[in-house]
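Below is a walk through one protein model, ordered by residue burial, helices, salt bridges and backbone angles. Please keep the sequence and the coordinates open while reading.

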Amino acid sequence: MPLLIGRDASVAAVSAALDGSREILIVTQRSADVNVPAAADLFRIGVRARVQQATRGTNGTTKILVDALERVKISRFTTTKATASHGARLDATASAYPFARASGKTIPESTRAKIRHALTLFEEYTALQRRLPPEIVGVLQSLDSDERVAFGIAAHLQVPVDQRQALLAADSIADLATQLVNVLGAELELLKLERKIDEQVRGSLFQNQRDFFLQEQLRAIHKELGQEDGEEFEELSRQLASRGLPETVQTRAQRELRRLKRSAPTSPDAAVSRAWLDWVLALPWTQRTTDTTDLDVARTSLEGDHYGLEEVKERILDHIAVLGRVGKLPGPILCLVGPPGVGKTSLGRSIASALNRKFVRMALGGVRDEAEIRGHRRTYIGALPGRILQAMRRAESVNPVILLDEIDKLGSDFRGDPAAALLEVLDPEQNHAFNDHYLEVDYDLSQVLFVTTANSLASIPEALRDRMEIIRLPGYLEPEKLAIARRFLVPKQLTMNGVPADQVTIGDDVLLPIIRGYTREAGVRDLERRVARVARKLARRAWPEADAKSAPTVAVNATELPDMLGPAPFDHEDHTLQDQVGVASGLAYTSTGGELLEIEVSILPGRGRLQLTGTLGDVIKESAAAALSYVRSRASALGLSPDFHRTRDIHVHLPAGATPKDGPSAGIALATALASALTGIPVRGDVAMTGEVTLRGRVLPIGGVREKGVAAHRHKLTHVIVPHGNAKDLTELPEHVRQDLTWHTVKTMDDVLALALRTPIPRITEAAVVLSDDAAAIA
């Protein structure tokens with residue numbers, strides 16, 4: 001048997017054997033992971049062998065040819081160093097390495113009948129084992145030594161190393177013959193099972209080939225009879241010619257059709273080609289709807305579905321006006337951003353109705369796979385085009401309105417980034433040649449009017465945001481909610497619940513308490529649920545027939561609301577407008593719209609520790625630290641001792657602790673509450689504020705002014721303080737908010753304190769602080 005020797009110690013041992021008796025001892029390691037095995041790492045049963053030939057390879061290994069002589073049971077190992085003359089036979093440096101010697105005794109061998117049984121089983125084993133040449137059985141049968149036959153069988157068994165070592169370590173030749181019979185019996189069972197499975201697989205393949213042959217014969221018979229299925233292919237060819245496909249698509253489709261003709265009907269390629277052709281025929285290529293160019297009709301349609309939302313309505317009317325002049329116009333890509341329940345999704349359907357276009361909605365929330373947008377390659381089983389082309393197939397026109405709902409809730413993982421795939425879809429310079437992975441031909445999306453919706457722009461990638469026209473939808477004001485409930489929600493819910501709308505009156509005296517006491521939201525979704533509950537309560541009453549004459553009209557009274565809706569969960573007067581020490585009203589922007597944020601500060605005896613509670617994020621904690629540093633820097637102007645913080649602990653708390661809070665816009669409110677708590681001067685209860693504060697007291701601009709203004713108006717505040725950098729944003733406020741609130745723009749915290757504290761601080765005015773016009777007027 002040939003062996004490869006690589007370790008220096010093994011090479012030294014072979015070199016020593018070549019200069020002597022040419023005999024070596026071959027022993028198996030217990031673990032192949034040990035590079036330098038010790039005596040404990042070797043088995044105690046080995047084989048004494050004679051080296052017939054040894055050659056040195058070019059890659060540093062030595063190849064030897066050995067002839068096994070007998071088994072040896074090792075009693076002890078010793079380590080010896082090779083001499084220079086020994087090492088020179090194979091490697092000039094091998095003599096520098098020690099090698100192992102072993103002493104032991106030969107294991108006696110004796111055998112007879114079991115060896116013959118094992119040889120019979122081995123003959124059957126060789127017939128089933130394809131990796132063994134059949135001549136090996138003849139060689140073993142010609143041997144005159146039972147020991148050589150037994151070891152010859154063991155040497156050619158295709159079993160793991162641990163089983164081979166167990167055979168080598170047999171106590172006697174009789175024990176070895178017994179183990180060979182057992183191993184051969186188990187191996188024969190496995191080989192017979194493999195042969196059976198192989199025959200079954202071959203039979204299945206033969207059946208498929210038989211079916212294919214018969215199908216080809218059947219096709220030839222139909223062809224001779226003039227009944228060839230070419231009619232189906234001709235119909236496909238006629239449909240492709242009549243669909244008005246672009247030239248490149250037509251060429252590709254004809255090539256796919258020829259491929260389908262050459263494929264067997266039962267082959268997988270035929271199914272793939274037919275599915276691809278079906279998709280090409282199902283997509284709209286030239287079919288389009290006629291757009292409405294009458295502005296009055298479009299305006300009536302938009303006003304009939306939604307109240308308010310003037311900005312987006314004006315944008316659609318502008319598009320219709322330009323469309324009427326130029327005849328054909330690429331579709332705009334609008335992004336409606338606003339809190340839940342303000343009508344973003346339904347507004348997309350109204351836009352389609354106003355333009356007389358087909359409408360398709362795609363929900364993108366939770367989509368993580370890029371293939372959802374671009375489609376799967378046809379090489380995958382069950383591949384389909386992406387959602388964009390599926391939407392075009394449903395629309396059946398090249399100019400629909402496609403609503404991409406919840407675009408801010410796209411995900412990404414190892415399968416790709418869907419937001420990156422949307423860059424091509426929503427780019428007017430690229431979407432005229434959108435390439436889907438399944439279709440693999442360019443498709444024109446330039447005439448599609450894409451409308452996307454989002455609750456927040458923060459989670460939308462900057463590159464994707466740059467491709468869209470942002471239109472913000474603020475929360476509804478109380479008068480707007482009242483008008484929406486009166487015009488839309490009440491009639492809709494009465495009809496849905498089977499209550500005669502002409503026999504029930506739900507007046508403003510009922511709707512206002514529902515809006516104020518049972519809802520607190522930027523939209524009208526919860527308001528609709530409350531109105532629906534009232535309608536269900538009314539449905540339980542007995543009503544006359546619809547055609548009954550002089551049917552009495554039932555008016556719902558506000559005193560019935562607790563029985564219908566239960567106790568009011570909100571008190572619209574829970575925010576007090578009284579002046580308080582250490583309490584400032586901040587304004588926050590959330591995904592549900594603007595919210596009022598009360599900031600409470602308590603001063604306690606201590607050692608200058610600042611404690612922040614209320615589930616606050618890192619940014620708002622840093623704002624609190626910056627606000628405290630500002631107050632410390634203005635200690636003398638505020639009438640405080642320079643080292644006031646050494647003897648006092650400051651606790652800042654933001655109520656509603658279960659709601660996480662973060663952001664820099666609470667900076668000036670934190671500084672105002674700290675200054676009020678330390679000086680004892682109350683903060684005006686009718687003032688709300690928002691803005692980021694720096695260590696030097698500068699007030700920096702923030703976002704969400706529109707939503708925050710709506711929140712201040714909802715809580716009946718009268719004064720709002722905003723950074724001077726946000727003065728330009730005041731023009732975007734709803735008219736009611738702009739008129740009902742007094743807006744003050746400030747540049748420094750000194751301006752804020754002069755506006756927000758009830759009693760002006762003399763030392764601030766003595767310090768020659770320049771106040772804004774608003775601050776000077778209030779002071």
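Does Asp-405 count as buried or exposed? At 4% relative accessibility, Asp-405 counts as buried. Here buried means under 20% relative accessible area, exposed means over 50%, and partly exposed is in between, with a 1.4 Å probe and protein chains only. The areas come from the Shrake-Rupley method with a 1.4 Å probe, and for residues only the protein chains shown count as cover.

The model is predicted, so local features need pLDDT of at least 70 and side-chain atom pairs count only at pLDDT 80 or more, while totals for chains, interfaces and linings use all residues. Residues are numbered from 1 along each chain as its sequence is written, and side-chain values use heavy atoms, with hydrogens and water left out.

Asp-405 has a charged partner: its side chain meets that of Arg-361 in a salt bridge, 3.1 Å from N to O. Because Asp-405 lies in strand β8 and Arg-361 in strand β7, the pair ties together parts that are 44 residues apart in sequence. A salt bridge is a side-chain nitrogen of Lys or Arg within 4 Å of a carboxyl oxygen of Asp or Glu, and by this rule the count comes to 30. Strands (E, at least two residues) and helices (H or I, at least four) are DSSP runs, numbered from the N terminus. Unlike buried Asp-405, Arg-361 is partly exposed, at 42% relative accessibility.

Glu-406 is found in the loop between β8 (401-405) and α16 (418-425). Its phi is near 55°, a positive value in a residue other than glycine. Glu-406 counts as partly exposed, at 27% relative accessibility. Another positive phi, of about 60°, belongs to Asn-356, which is not a glycine either. Asn-356 sits in the loop between α13 (344-355) and β7 (359-363), and is partly exposed with a relative accessible area of 43%.

A second salt bridge joins Asp-750 and Arg-634, at 3.3 Å from N to O. Asp-750 lies in helix α26 and Arg-634 in the loop between α22 (618-633) and β18 (648-653), so this pair ties together parts that are 116 residues apart in sequence. Asp-750 is buried, with a relative accessible area of 11%, whereas Arg-634 is partly exposed at 21%. The burial of Asp-750 fits its helix: α26 (residues 749-756) is mostly covered, with eight of its eight residues buried.

The bridge between Glu-462 and Arg-465 is local. Its closest N and O atoms are 3.3 Å apart, and both residues lie in helix α17 (residues 462-466), three residues apart, about one turn of the helix. Glu-462 counts as exposed at 53% relative accessibility, and Arg-465 as partly exposed at 25%.

What should helix α9 (residues 247-262) span, given its 16 residues? At 1.5 Å a residue the expected value is 22 Å, and the end C-alpha atoms are 23 Å apart, which agrees. The expected span is 1.5 Å times one less than the number of residues. In α9, Val-249, Gln-250, Arg-252, Ala-253, Glu-256, Leu-257 and Leu-260 are buried. They cover an arc of only 165° around the axis, which puts them on the same side of α9; the arc is that of the directions from the helix axis to the C-beta atoms. The face turned away from this buried side carries the exposed residues Glu-247, Thr-248 and Arg-262. Thr-251, also in α9, is partly exposed with a relative accessible area of 45%. Two of the buried residues, Arg-252 and Glu-256, belong to a network of salt bridges that links them with Arg-259, Asp-269, Arg-378 and Glu-440.

Asp-526 lies in helix α20 (residues 525-539) and is buried, with a relative accessible area of 18%. Leaving aside its neighbours within four places in sequence, Asp-526 is in contact (heavy atoms within 4.5 Å) with Tyr-518, Thr-519 and Glu-521.

Last comes the surface. Val-161, in helix α6 (residues 161-168), is exposed with a relative accessible area of 57%. Leu-193 is found in helix α7 (residues 173-224) and is partly exposed at 47%.
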